[in-house]
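Opening the notebook on a new model today. I want to go through the helices, the inside and the aromatic rings, and jot down what I find.

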Amino acid sequence: MTIKLLVLDLDGTIALTEKYDGIIQQRNPSVILQEVRPGESGKHLLASEFLPKFLSDCLKCGVEVIVITRSPKAYASTLLNILGLDYLECRPHPGYTISRADKLRALLVSHKLDPSEMLYIGDEIGDMQAAREANCKFSFPGWTRGSPDITSMHRENSDFS
């Protein structure tokens with residue numbers, strides 16, 4: 001089946017923000033804004049320089065692009081704006097506990113898709129487990145190492161390389 005919906009995790013997949021892990025208020029827009037001066041590009045935060053064109057091309061080809069994150073809305077929207085990426089929608093942390101798998105299932109329902117029509121790209125084992133729970137396709141990003149827990153065996157179990 002053809003992929004109609006591409007879902008990407010934000011931190012660690014789209015943006016290299018691991019240096020903020022462990023910082024108090026790490027998912028606060030001010031942390032990102034301190035990294036990029038007004039009028040400057042935030043491209044140095046991109047996990048790969050090819051991502052802007054890749055996401056733009058996906059949208060042009062009719063593949064919807066959605067970003068999901070466990071980060072708050074203000075942080076996610078600030079970071080995505082600084083990165084200058086094209087995407088259809090961002091689903092940040094909703095303010096209450098919802099699993100990654102439930103977010104993926106909700107996307108399947110709201111977009112009226114079969115799970116085989118959705119690809120989720122994430123950088124953690126938990127992302128892979130969520131995709132498996134939602135029965136959608138999954139891949140670790142080839143453009144970044146991901147979390148240290150990811151082994152070559154995990155990468156071999158991806159649906160795409």
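**Entry 1: helix α4**

I started with helix α4, residues 100–110, and looked up what is buried there: R100, A101, K103, L104, L107 and L108. Looking down the axis of α4, I see these buried residues fall within an arc of 160 degrees, so they line one face of the helix. Keep in mind that this is a predicted model.

What do the buried residues of α4 pack against? I get four strands and a helix on the list: β1 (5–9), β2 (64–68), β3 (89–91), β4 and α5 (125–134).

Then I checked what comes just after α4, and K112 turns up there with a positive phi of about 50 degrees. K112 is not a glycine, so I noted it, and its place is the loop between α4 and β4. Buried or exposed, I asked of K112? Its relative accessibility is 75%, which counts as exposed.

**Entry 2: the overall layout**

I stepped back for a count and got 6 helices and 5 strands. Along the sequence I read the pattern β-α-α-β-α-β-α-β-α-β-α. The protein has 161 residues, and 47% of them are buried. I also looked at contacts with a separation of 6 or more: 59% of them are between residues 24 or more positions apart.

**Entry 3: helix α3**

Next I went to helix α3, residues 73–83, where I find Y75, A76, T78, L79, L80, I82 and L83 buried. Those buried residues pack against α1, β2 and β3. Just after α3 I come to G84, with a positive phi of about 70 degrees.

While on backbone angles, I also pulled up N135, which has a positive phi of about 65 degrees without being a glycine. N135 sits in the loop between α5 and β5. With 58% relative accessibility, N135 counts as exposed.

**Entry 4: the cavity**

How many cavities of 30 Å³ or more does a search of the whole structure find? I got 1, and its volume is about 40 Å³. I wrote down the lining: D9, I68, T69, R70, R100, K103, Y120 and D127. Sorted by class, that lining comes to 2 nonpolar, 1 polar and 5 charged residues. R100 and K103, from the lining, I had already met among the buried residues of α4.

I68 is another lining residue, so I took a closer look at it, given that its relative accessible area is 2% and it counts as buried. I68 belongs to strand β2. Setting aside neighbours within four places in sequence, I find I68 in contact with V7, L8, D9, L10, R91, K103, L104, L107 and Y120. How far apart are I68 and R100? I get 8.4 Å from C-alpha to C-alpha, with their positions 32 residues apart in sequence.

**Entry 5: aromatic rings**

My search of the whole structure for aromatic pairs gave 4. One of them is F50 with W143, an edge-to-face pair at 5.4 Å centre to centre and 75 degrees between the planes. F50 is in the loop between α1 (29–35) and α2 (51–60), and W143 in the loop between β5 (137–139) and α6 (152–156), so this pair ties together parts that are 93 residues apart in sequence. I looked up the accessibility of F50 too: at 36% it counts as partly exposed.

I then turned to Y120 and F138, whose ring centres are 5.9 Å apart and whose planes are at 65 degrees, so this pair is edge-to-face as well. Y120 is in strand β4 (residues 118–121) and F138 in strand β5, so the pair ties together parts that are 18 residues apart in sequence. Are these rings' residues buried or exposed? I find Y120 buried, at 0% relative accessibility, and F138 buried, also with a relative accessible area of 0%. Y120 was on my cavity list, too.

Last note: F50, F54 and W143 come out as one aromatic cluster.

How values were computed. Residues numbered from 1 in each chain as written. Predicted model: local features only at pLDDT ≥ 70, side-chain atom pairs only at ≥ 80, totals over all residues. Heavy atoms only, no water. 1 Å grid on protein atoms, 1.4 Å probe; cavity = no way out; pocket = protein on both sides within 12 Å on 5 of 7 lines; lining within 4 Å. Points joined across faces, edges and corners; volume = space filled by probe spheres on them. Nonpolar A, V, L, I, M, F, W, Y, C, P; charged D, E, K, R; others polar. Phe/Tyr/Trp six-rings, centres within 6.5 Å; stacked < 30°, edge-to-face > 60°. Helix = DSSP H or I, 4+ residues; strand = E, 2+ residues; numbered from the N terminus. Buried < 20%, exposed > 50% of the residue type's maximum accessible area, 1.4 Å probe, protein only. Arc of directions from axis to C-beta. Contact = heavy atoms within 4.5 Å.
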